[in-house]
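Below is a short set of questions and answers on a protein structure. The sequence and the model come first.

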Amino acid sequence: MSIGNTFTTHASTDNHVIGYKYSLLQRSLASVYLEIKKSDTGEVVYTASEWNPLSPPYFSWNGKYKSSDKCAPDGLYDTKLYLMVTEVTGPYAETVEPQSIRITGCDRVEITAPPDNQDPLDATFATNFSFLSTSSILARAAYNFHGSATDIAWEVTAANGELVSGRIRDADPADMRGQLLLFFPAPPEHPDYTPGTENPSDIRYRRSTALSYRITARLGNKSDANTITQDQKDTIIQEYVNHGITEPTRTALREIQGFGDFTRDDVINVPGSPRLAYSLILGNPAQLAQAIQDEYNRLLSDDVQVVLPGSTVPNTVIVRPAPVNINTIGTPVLDTPPCYPSPDIYSCDDTYGTIIENGQEIDVIVDGGDGIAQTQVYRGTHFRLQLNSSWRNPERNEAVGSTTPTSRHQYGDAVDLKILGVPGVSKAEQNCILKTAAQRIVGISNVLAEEGSIPHPCNDNRVDHIHAERN
Ligand SMILES: [Zn+2]
């Protein structure tokens with residue numbers, strides 16, 4: 001049964017609209033349904049229905065491919081227009097003039113890899129696009145053009161101003177034409193390692209700028225460009241590449257964290273000076289600092305009481321240092337003198353008091369109100385240390401004047417700790433106690449008493465910090 005309807009194909013490759021115009025004799029009785037399938041696979045790529053075919057008498061297939069850079073793929077498509085007539089003798093369907101049409105799409109070129117990653121989130125970046133100067137980068141274009149893939153021309157330029165434009169190496173193919181382009185980044189070479197270049201007002205001396213490339217593919221008058229930029233992890237790892245030292249993994253770079261008394265802020269700053277140039281870090285320097293500080297306090301308060309409180313004051317040693325060999329040069333440390341006859345609650349080994357017994361004044365060893373003999377005043381007192389330096393990115397390690405290009409500071413397993421004062425204990429003694437404490441945590445040979453980057457004996461008054469590293 002024919003109900004005398006007609007429709008005409010309207011396919012445009014200029015505005016990428018494929019449409020059907022139809023005219024119905026019995027519009028009010030019919031509904032219209034359009035289906036477009038790929039001829040080769042049978043995949044339905046478009047359907048539309050119109051239950052009030054009075055207006056508009058037109059279907060268009062442009063919703064899916066609206067962008068001027070995105071066209072319906074080339075190919076052969078089967079189209080069917082159905083009329084559903086419902087008011088004759090029940091549902092009745094008529095297929096009107098099924099047709100095949102060829103769609104040629106439009107001229108275009110689109111870079112499908114690597115993806116734009118200008119604003120990556122660290123969590124997803126690695127699966128997005130991560131690269132170093134040692135990475136090969138394979139760019140790929142999709143195209144739809146009445147020409148050849150060999151007509152695609154590539155261009156790679158620096159996107160952040162830090163690179164000389166187009167600094168790439170080993171482009172393949174060398175003429176940079178075709179559907180695929182392989183290349184390696186070629187950033188400027190890092191200058192020789194020059195310790196002591198820090199200028200705190202100039203961030204360039206403390207961290208690097210991300211490598212960033214703009215990759216463009218051109219085909220005829222069409223072009224597409226993707227920009228790839230290193231995220232913070234890549235930027236940090238790139239510093240290790242630039243300095244020719246072992247690169248950390250991406251997963252080893254973590255959020256900065258505190259531990260114990262050493263807060264996240266202690267790790268980031270020393271008073272008045274930011275210490276970290278990035279928001280990520282290697283290792284857990286706060287944990288190492290806390291372990292050393294705990295041992296330092298233990299050494300300060302581990303004297304052994306050899307004469308008990310209540311005893312008559314003898315002119316002899318009452319409290320002896322614990323048998324820890326404090327690593328010092330020449331000067332005994334923590335060998336506290338007896339208080340009698342020159343009591344000093346911080347520098348002698350106990351306080352004494354005078355009591356009357358049988359009408360006579362006698363001096364006896366007394367303890368403090370807390371029952372602790374006085375030289376153990378340190379026990380329970382928590383002496384803090386200052387974390388002067390922890391993780392240093394390689395640029396910063398160079399900038400601060402480290403003479404060790406392979407410094408463990410760059411791997412987050414070295415700390416510089418500074419004494420903040422213990423009453424009655426000299427600076428030399430404190431530094432030697434701290435050095436001993438650090439050696440008990442990380443090993444004898446992994447600790448230095450330093451003035452800047454110059455090592456000295458620990459009892460040298462020029463010492464301004466103790467460096468300790470795990471390796
Ligand atoms: Zn150090």
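Q: Which residue in β27 is the bridge partner of Val-447?
A: This is a predicted model. Val-447 belongs to strand β25, residues 447–451, which is joined to strand β27, residues 465–469, by 4 bridges in the antiparallel sense. The residue of β27 that bridges to Val-447 is Ala-468.

Q: In β26, what is the bridge partner of Glu-450?
A: Strand β25 is also joined to strand β26, residues 454–455, by 2 antiparallel bridges. Glu-450 lies within β25, which covers residues 447–451. Its bridge partner in β26 is Pro-455.

Q: Which residue takes a positive phi in the hairpin of β25 and β26?
A: The two strands of this hairpin run antiparallel. There are 2 residues between them, and the one with a positive phi, near 65°, is Gly-452.

Q: In what order do the strands β10, β13 and β14 form their open sheet?
A: The sheet has 3 strands and its pairing is antiparallel. The edge strands, each pairing on one side only, are β10 (153–158) and β14 (222–229). On average, neighbouring strands here are turned by 20° against each other, direction ignored. The order is β10-β13-β14.

Q: Which residue in β14 stands opposite Ile-215?
A: Ile-215 falls in strand β13, residues 212–219, which pairs with β14 over 8 bridges in the antiparallel sense. Strand β14 spans 222–229. Opposite Ile-215 in β14 stands Asn-226.

Q: How many Å does helix α2 reach from its first C-alpha to its last?
A: Helix α2 covers residues 232–243, 12 residues in total. At 1.5 Å a residue, the expected value is 16 Å. The computed reach is close to that, at 17 Å.

Q: Which residues of α2 are buried?
A: A residue counts as buried if 20 or more other C-beta atoms lie within 10 Å of its own. In α2 this holds for Lys-233, Asp-234, Thr-235, Ile-236, Ile-237, Gln-238 and Glu-239.

Q: Which residue follows α2?
A: Helix α2 covers residues 232–243. The residue after the helix has a positive phi near 65°, and it is Gly-244.

Q: What share of contacts in the protein between residues at least 6 apart in sequence joins residues at least 24 apart?
A: The protein contains 6 helices and 27 strands. Of its 471 residues, 32% count as buried. Among contacts between residues at least 6 apart in sequence, the share joining residues at least 24 apart is 65%.

Conventions
Residues are numbered from 1 along each chain as its sequence is written. This is a predicted model: local features need pLDDT of at least 70, side-chain atom pairs count only at pLDDT 80 or more; totals for chains, interfaces and linings use all residues. Two strands pair if DSSP finds at least two bridges between them. Axes are lines fitted to C-alpha atoms, for helices over the stretch in contact, and angles run from 0 to 180 degrees between N-to-C directions. The expected span of a helix is 1.5 Å times one less than its number of residues. A residue is buried if 20 or more other C-beta atoms lie within 10 Å of its own, exposed if 12 or fewer, and partly exposed in between; C-beta atoms are placed from the backbone. Two residues are in contact if their C-beta atoms, placed from the backbone, lie within 7 Å.
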